[in-house]
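Please open the model in your viewer and keep the sequence panel visible beside it. The tour below proposes a series of selections and describes what is found at each one.

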Amino acid sequence: MPSLEERPPFKVLVVGGSYAGLAATLNLLDLCHGRKGRFNLDAADNGPGKKVPVEITIVDERDGYFHLIGVPLAVASQEQAATFWKKYEDIPALQSSDISWMQGRVESVNSETRVATVRGTGKDHDKISQVAYDYMIAASGLKREWPSAPKSVTREEYLAETRESVKAIEDATQGVVVIGGGAVGIEIAAEIKMLRPQATVTLVHSRTKLLSSESLPEEFSAKTFELLKESKVEMVMGARVQETITAKSATGTTYTLKLSDGRELTAGHVINAVSRFSPTSSYLPAGAVDEEGYIRIKPTVEFAGDIPNAQYHYAAGDVAKWTGIKRGGAAMHQGYYAASNIHQKMMQELYQTDTKFSSLLEVEPMMALALGQTAVGYFPATGLSSGDEVRNMFFNDDLGYNICWKWMRLGEPTV
C-alpha cells in the first residue's frame with residue numbers, strides 16, 4: 001500500500017457547477033483537507049483529521065455559477081441579474097490548487113475505463129478533451145428553456161440576455177402577460193408586479209388551479225392564488241393561449257393573444273413560462289437512467305443502474321431520480337452526501353478505516369414560493385404558512401441568493 005505522499009491524488013470529476021456540484025466539491029475538499037464538511041452542523045464533530053490527496057475537476061457549460069432560483073428576479077431587474085452570475089474564477093471558495101474547472105459539456109462517459117469526453121463551450125467550442133477520473137458526480141441538472149434558465153453560457157451573453165428582457169418589460173406600456181401558472185410563471189409575474197407596481201401584469205394558466213402539475217395540497221394552490229390577487233396580478237384561469245398575433249408600429253410592438261374561451265388579451269410584452277425541461281443525462285450509458293432520463297440512484301446517491309463500476313459513480317440534484325419536488329436545498333443536500341460517501345471510500349482505501357455511509361430519506365412534496373413582497377410555503381411537518389417569516393427564511397430580498405452563497409460559503413477562501 002503506497003504511503004500518503006506516494007499515492008497519486010484521487011481524481012474526482014464533478015459534472016455541473018450549480019447547487020449540487022458546488023456543494024459536493026466544497027464539502028469533499030473540506031473532508032480531504034481533514035476538516036468536517038461545511039454542511040456538517042454537529043458541533044462535536046471535529047472532522048476526520050487525516051488528509052486525503054484529491055484533484056477535483058468541475059465541468060460546466062457555463063463560465064460561472066448561476067443562482068437559478070433567482071431567475072424570476074433576473075428577468076425583471078438588471079441589477080439583480082448581474083449579482084446572480086459569478087464566474088468561477090471570481091468565487092473565492094474555488095480558488096484552490098485542488099480544484100480546476102473546464103467550460104464544456106460532457107458528451108460521453110465510459111464507466112468501464114472511467115474516462116469522460118468533454119467538448120468545450122463558449123470560446124472553446126471546438127476543443128475536445130478526455131478526462132480520467134476515479135469518482136464521478138453527475139450534477140448536470142435539467143435542460144430548461146428561457147425564462148426558466150438562461151440560454152447563455154458566458155456571463156457577458158447572459159447580461160445582454162437579461163438586459164433585453166428588462167427593457168422589454170420596461171417598454172411594455174400595454175402591460176405584460178405571463179403564460180404558465182407553474183412555479184416559475186407565478187414568481188415571474190409576482191416579481192414584475194413588485195418591481196413595477198404601476199404595470200398591468202396578467203398571469204394566464206390553462207388549468208383551473210395554479211401549480212396543477214405539482215403533488216401539493218389544494219390549499220397551497222388556493223393561498224398562492226389569493227396572494228397573487230392581493231398583489232394586483234390579474235389572473236386568467238382555465239384558458240389556453242391558442243394564437244399570438246404580433247403588430248409592430250412606430251410606438252412599439254403589440255401582442256394580441258387569442259384564448260381558447262374566446263377572449264382576447266392585448267399586451268406590450270409576453271413571457272412564455274410554461275415549464276419545459278428534461279434531464280441532461282445523454283452522456284451516460286443507457287443502463288444508468290430510467291425511461292425519462294433521470295439517473296437511478298441508491299439512498300447513498302451511488303448509481304443504482306446496471307453499468308460497469310457503478311460504485312464509483314454518484315448523482316445529485318435535479319438529474320437524480322429521487323422522491324420529492326426538485327429544489328435547490330435538496331440538490332445541495334444530495335451533493336453533500338455524495339461528498340461524504342466518496343470520502344468514506346477514500347479513507348477506507350488509504351487508512352483502512354470502517355465506512356459509515358450517509359443515506360437519503362424519502363422526501364414528501366414541499367415547496368416555498370416567492371410572491372413579491374410576501375411568500376407562501378407548504379411543508380409536511382408544519383403545513384401551510386405565508387407572510388414575512390416565510391419570505392425571510394427562504395428568500396429575503398434577493399430570491400435566496402445570499403442564503404445559498406453563505407450556506408455554501410462561496411465567499412470564503414478555501415485553505
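This is a predicted model. Begin by selecting residues 99-110, strand β5, together with residues 115-120, strand β6; the two run antiparallel and are joined by six bridges. Within this pair, select R105 and look across to β6, where its bridge partner is R119.

Next, select the connection between the two strands. β5 and β6 form a hairpin with four residues between them. Which residue in the turn has a positive phi? It is R114, which lies in the loop between β5 and β6. Its phi is near 55°, a positive value in a residue other than glycine.

Now extend the selection to residues 128-132, strand β7. β6 and β7 pair in the antiparallel sense, over five bridges. Return to R119 and look towards β7: its bridge partner there is I128. R119 thus has a bridge partner on β5, namely R105, and another on β7, namely I128. While the strands are displayed, a general point may help: in a regular strand the side chains alternate between the two faces of the sheet.

The next stop is a peptide bond. Select W146 and P147; the bond from W146 to P147 is cis, with omega near 10°. P147 is placed in the loop between β9 (142-144) and α4 (155-170).

Move on to K232, in the loop between α6 (218-230) and β12 (234-237). K232 is not a glycine, yet its phi is positive, about 75°. Is K232 buried or exposed? Its relative accessible area is 58%, and exposed means over 50%, so K232 counts as exposed.

Finally, select the whole protein chain. Its secondary structure comes to nine helices and 23 strands. The radius of gyration is 23 Å, close to the 22 Å that the globule rule gives for 415 residues, so the chain is as compact as a globular protein of that length. Along its principal axes, the C-alpha trace spans about 75 × 50 × 40 Å.

Colouring by accessibility gives another view: 53% of the 415 residues count as buried. The chain exposes about 18800 Å², of which carbon and sulfur atoms supply 48%. Among contacts with a separation of 6 or more, 65% are between residues 24 or more positions apart.

As a last selection, display the charges. There are 43 positive and 51 negative charges, and their mean positions are 2 Å apart.

Definitions and conventions
Residues are numbered from 1 along each chain as its sequence is written. This is a predicted model: local features need pLDDT of at least 70, side-chain atom pairs count only at pLDDT 80 or more; totals for chains, interfaces and linings use all residues. Side-chain values use heavy atoms; hydrogens and water are left out. The radius of gyration is taken over C-alpha atoms; the globule rule is 2.2 Å times the number of residues to the power 0.38. Buried means under 20% relative accessible area, exposed over 50%, partly exposed in between (1.4 Å probe, protein chains only). Contact means heavy atoms within 4.5 Å. Accessible areas come from the Shrake-Rupley method with a 1.4 Å probe; for residues, only the protein chains shown count as cover. Lys and Arg count as positive and Asp and Glu as negative; His and the chain ends are not counted. The place of a charge is taken as NZ of Lys, CZ of Arg, CG of Asp or CD of Glu. Two strands pair if DSSP finds at least two bridges between them.
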